[in-house]
Every structure is written in C-alpha cells, then in structure tokens.
Amino acid sequence: MTTVENTVENEDRWIWVNPKSKRLNLRFRVKGYKKQFFISTGLIDTEENRKKIRSLRDAIETDIFLEQFDPTLDRYQKFKKKKKKEAPKPLIISSLAELWERYSKYQSQHLEPSTMFNYERIRKIINKLPTDNLDRSPEIRDFLLENYSYHMAWQCIEAFSRCCEWGLISNLITTNTFKKLRLKKRKRTRNKIKAFTVEQRDLIISTFENHDKFSHFAPIIKFLFWTGCRPGEAIALTWEDVSPDCLHIEINKAYASKVKVLKGTKNGKVRTFSTNKGSKLNLLLLSIRPNNPDQKSFVFTDEAGKMLTFLALEKCWRGGKKGRYNYPGVVRELAEQGKVKFCRLYTTRHTFATLAIAANISPDKVAYWLGDDLATVLNYYCHPEVTKKSCPDF
C-alpha cells in the first residue's frame with residue numbers, strides 16, 4: 001500500500017530547495033552521463049511553483065525516454081531570467097566643433113554636395129565662436145545674435161539643435177543643450193510683387209533683346225519666362241535634353257551655383273515640357289540650335305561659349321560691380337525708370353505659373369510643367385492679382 005509520504009516524495013523527486021535562498025532547483029542524473037545535472041529556476045518554494053517545476057521535470061523525463069535529452073540544458077532554462085541588454089554608454093563629447101564634424105560626415109553620405117555647402121558654411125561660423133563647449137550654449141547663442149543677423153543666428157541654432165539630436169541618438173552626448181535656446185523664426189519681409197504682368201514680361205524681354213551689353217542673355221530670359229523652369233535647370237540644359245524638332249524638353253538636372261556642379265532637380269522629379277510647332281518657345285530653340293550640335297553641350301552659354309553661371313545671370317538681371325563702379329542690370333534699370341517693380345530672377349517662374357493658370361490651363365498641368373505638387377503651385381506660385389489689368393498671351 002502506497003503511503004501519502006511516499007506519494008509526495010515521488011511527486012517531488014529531483015526537486016531540491018536551497019536552504020538559504022528558499023529557491024526551487026532540479027538535481028538529477030541521466031544514464032550515460034557521469035556528472036549530475038543541476039537547473040536553477042529562481043522560483044520561490046510555493047505549491048504553485050512546485051507544479052511548474054514538476055511540469056519541467058516531466059518534460060525532461062520524456063526527452064530522456066525518447067533519447068532527445070539536451071545535455072546543455074538550454075532547452076530547459078524556461079524560468080531563467082533574461083539579462084537586460086545594457087545600453088551602450090554615451091561617449092561624452094563636449095566640443096560642438098567635433099560633434100558638427102561627425103554630423104556633417106554622416107549627412108554627406110546621403111545629401112547633395114550643394115546642400116553640404118551650407119554645412120561647411122556653418123562650420124566656418126563655429127570656428128569663429130568664442131567657445132565651442134556644448135555646456136556653454138547660451139554664450140554661443142548670445143555671440144551669434146550680437147555678431148550676425150537674426151536670421152543667420154536662427155539658422156545656426158536650429159542647425160546646432162538638429163546636430164545635438166543626432167548626437168543623442170548616436171550616443172555621443174547626453175543632452176541637447178540648444179533645444180531650449182531655439183529662437184522664434186521671424187517672417188522675412190520681401191517685395192510684395194511676386195509676378196510680372198504680360199506687358200511687364202514682354203518689356204523685360206524686349207529690353208534684353210536690344211540691350212547693348214546683355215542682349216546675349218535674351219534667349220535664356222525668354223526660356224525662363226516661357227517655361228517657368230528654375231534658373232539652375234535652364235543653365236544645366238543640354239542639347240541631348242531637347243528633341244531635334246525642339247518640341248520636347250526634358251528637365252532632369254540642375255546647376256548648383258554654390259558648389260558649381262550639376263545635380264538632380266530640386267525635388268528629384270524628371271519632367272518633360274512640350275510645346276507646339278511654331279510656338280514662341282519652339283522658334284526660340286530652333287533659332288539657337290546649331291547644326292548637328294554636340295549632345296553634351298549646353299543650350300545656353302556665356303558669350304565665350306562656356307557654361308553659364310548663376311552669378312552671370314544675376315548680374316545681367318540685377319546688376320553688379322566693376323572696379324569702383326556699380327552698374328544696373330536690365331530689370332534694375334527698368335525699375336529705376338519706374339517701368340516695373342524690381343523682383344528677383346526667380347519671379348520668372350512665378351510669372352509663368354500665374355499667367356498660365358489665368359489662361360485657363362489646369363493647375364495640375366501647370367504643376368507638372370513646374371515639377372512641383374499642386375498645393376505648392378496654388379499656394380506659392382499663383383498670384384491672381386497680377387492678371388486683373390491684363391490678359392495673358394499664351
């Protein structure tokens with residue numbers, strides 16, 4: 001007859017309680033192995049926990065019977081607590097210059113060279129700071145406000161804050177000292193006139209055509225007004241981008257003025273601008289297209305036949321300085337005569353969008369021509385007040 005004591009003892013075979021910790025463990029031997037096996041469960045000795053241990057023991061016995069026993073015991077460590085992975089200890093960098101250097105190197109892996117130009121510009125500003133210690137960020141902010149424009153100070157502090165956020169994620173610093181120092185962005189005041197009327201556009205074009213100094217630039221000025229493309233895209237245009245009949249123009253690259261290299265378009269979009277046979281744009285391109293042109297040669301060049309620069313365009317538009325004398329550009333001169341309001345070169349793009357939409361061309365089509373989304377075109381490029389007194393000629 002089996003006694004109650006024998007039943008309990010049989011039920012709890014292999015189970016051993018550590019007298020000091022009162023934790024449950026398993027101790028057992030397996031035929032064919034000299035050593036005794038030991039499993040620490042970490043469970044306190046309670047009836048509920050004993051049930052769990054018995055279940056584990058029965059599973060081990062089944063494996064032994066089926067000759068599937070795992071002598072490493074890894075399969076049976078179900079109650080073993082998993083060690084928490086320790087977070088990598090931050091490498092404490094106190095120098096803004098060093099952190100910016102690492103941040104710039106990381107960013108250079110996926111940003112355009114023209115964008116990295118701004119990182120280099122900020123690096124030069126960092127070199128002029130009275131201190132680059134991250135713990136003295138208020139002093140850095142005050143120095144920027146005292147020695148640079150408010151907009152430049154705002155740009156730098158925003159950039160430093162982004163740099164520090166990257167440093168936090170990269171475990172290089174422990175806090176973003178610029179986060180609470182960020183300045184409120186001020187709206188920059190600009191000329192309210194954002195687009196030219198048809199009459200003003202045509203006056204600017206005709207003045208370029210007849211100008212004794214800048215007539216060479218008339219074709220690209222016409223092209224900007226008649227296509228709405230960005231100046232950098234027009235500069236980068238090559239004859240391989242223009243169909244032989246000059247009816248289709250592929251906009252696929254741009255000139256980055258700051259670093260003087262060709263890159264993709266501003267938003268990476270490649271688009272085709274088509275025109276009609278006999279249109280002003282078609283006749284313009286046909287008139288300047290050489291016979292059998294080198295496909296890699298630029299459509300618009302300087303007077304020496306070399307690649308145009310944005311600086312050259314700016315000079316013919318707004319003017320510049322030669323020696324000790326300042327000279328006005330075409331549009332600046334017209335503004336001084338009171339014939340137009342002075343606007344920057346980029347206004348050619350705004351003018352095209354505004355006049356095209358006023359001519360009942362669908363905004364989504366205009367957005368495609370410009371290489372932008374519809375919301376951007378309607379919010380930033382369309383200025384209906386310009387067309388109140390004139391009818392567009394498209």
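This dialogue looks at strand pairing and at cysteines in a predicted model.

Q: What should I know about the model and the numbering before I begin?
A: The model is predicted, with local features needing pLDDT of at least 70 and side-chain atom pairs counting only at pLDDT 80 or more, while totals for chains, interfaces and linings use all residues. Residues are numbered from 1 along each chain as its sequence is written, and side-chain values use heavy atoms, with hydrogens and water left out.

Q: In which sense do strands E1 and E2 pair?
A: Strands are DSSP runs of E with at least two residues, numbered from the N terminus, and two of them pair if DSSP finds at least two bridges between them. Here E1 (residues 15-17) and E2 (residues 23-28) are antiparallel, with 3 bridges, and Val-17 has Leu-24 in E2 as its bridge partner. The two strands form a hairpin with 5 residues between them, and Lys-22 in the turn has a positive phi of about 60 degrees.

Q: How many bridges join E2 to strand E3?
A: E2 is joined to E3 (residues 37-44) by 6 bridges, again in an antiparallel arrangement, and Arg-27 stands opposite Phe-38 in E3.

Q: Why is Cys-163 not in a bond with Cys-164?
A: A disulfide is a covalent bond between the sulfur atoms of two cysteines, and the cut-off used here is a pair of sulfur atoms within 2.5 Å. The search of the whole structure finds 0 disulfides. Cys-163 has its closest cysteine sulfur in Cys-164, but the distance is 5.5 Å, so they are too far apart for a bond.

Q: Is Cys-163 buried or exposed?
A: Buried means under 20% relative accessible area, exposed means over 50%, and partly exposed lies in between, using a 1.4 Å probe and protein chains only. Cys-163 has 0% relative accessibility and therefore counts as buried, and Cys-164, at 0%, counts as buried too.

Note on methods. Helix = DSSP H or I, 4+ residues; strand = E, 2+ residues; numbered from the N terminus.
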